[in-house]
Amino acid sequence: MSDKTLSALTESTAPATSDIFAMVVSGNSRKVTLASAFKAFNLFAGTNTLDMRNGVNTQKLNIYSTYTDASNYRRIEIYEGGIVKRGVGTGIDNTVLYLYNVGSGPVTIGTADTERWKVLGTGHFVAALDNSYDIGASGATRPRTAYLGTSLFVGTTKVVGAQGAAVIDATDAATAITQLNALLARVRAHGLIA
């Protein structure tokens with residue numbers, strides 16, 4: 001490392017393009033910069049902010065759980081646009097990628113700087129705003145099958161519940177009325193009619 005680069009430890013000026021790597025300490029802004037030409041890794045002590053940038057190029061942080069070489073590893077990749085779990089070679093596995101809150105607070109999903117969905121501390125998956133967001137769309141992007149343990153409500157009315165016992169076939173006019181009433185009772189139990 002050159003004398004010029006070492007002297008930058010107490011200067012507030014950015015490293016010159018000839019420096020291979022420099023550490024710049026700015027006392028007034030309490031900023032520490034590790035930098036080479038056109039690249040910077042900043043820690044802003046006053047705002048508790050960590051920056052990593054290189055002009056207009058997207059940056060990535062890799063956090064490894066295993067690493068043998070460039071063909072055998074397992075890691076989490078954090079981009080400006082998302083989080084990816086990646087394994088190659090001996091690092092390939094089928095373990096879970098966790099999005100986990102150890103405390104009782106919710107895990108929130110949002111877009112456009114707005115909360116949309118939450119997984120509450122109780123485990124319930126709820127919309128952040130009542131009666132505002134859909135799951136799937138008509139004729140497109142529809143979930144295939146819903147597996148429910150007990151019932152389905154529309155508003156406050158149950159419209160689907162557990163399957164009831166079979167209603168036997170009518171054999172004459174008298175049993176037809178009886179079985180029709182049984183069917184109507186089942187439909188009411190499911191909330192399909194009042």
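**A hairpin and its aromatic neighbours**

Let's start with one cross-strand contact: isoleucine 109 has tryptophan 117, in strand S9, as its bridge partner. Keep in mind as you look around that this is a predicted model.

Zooming out from that contact, strand S8 covers residues 107-111 and strand S9 covers residues 114-119; the two run antiparallel and are joined by five bridges. Together S8 and S9 make a hairpin, with two residues between them. Have a look at alanine 112 in that turn, where phi is positive, at about 50 degrees.

Now for the aromatic rings. With ring centres required to lie within 6.5 Å of each other, the structure has six aromatic pairs. One of these is formed by tyrosine 67 and tyrosine 73, whose centres are 6.4 Å apart; their planes meet at 20 degrees, so this pair is stacked. Tyrosine 73 has a relative accessibility of 8% and therefore counts as buried. Tyr67 and Tyr73 also belong with Tyr64 to one aromatic cluster.

Another pair brings us back to the hairpin: tryptophan 117 pairs with tyrosine 133 in a tilted arrangement, with 6.2 Å from centre to centre and 50 degrees between the planes. Because tryptophan 117 sits in strand S9 while tyrosine 133 is in the loop between strand S10 (125-127) and strand S11 (152-154), the pair ties together parts that are 16 residues apart in sequence.

How do the two partners stand with respect to solvent accessibility? The cut-off for buried is under 20% relative accessible area, so tryptophan 117, at 18%, counts as buried. Tyrosine 133 has a relative accessible area of 25% and is therefore partly exposed.

Terms used
Residues numbered from 1 in each chain as written. Predicted model: local features only at pLDDT ≥ 70, side-chain atom pairs only at ≥ 80, totals over all residues. Heavy atoms only, no water. Pairing = 2+ DSSP bridges. Helix = DSSP H or I, 4+ residues; strand = E, 2+ residues; numbered from the N terminus. Phe/Tyr/Trp six-rings, centres within 6.5 Å; stacked < 30°, edge-to-face > 60°. Buried < 20%, exposed > 50% of the residue type's maximum accessible area, 1.4 Å probe, protein only.
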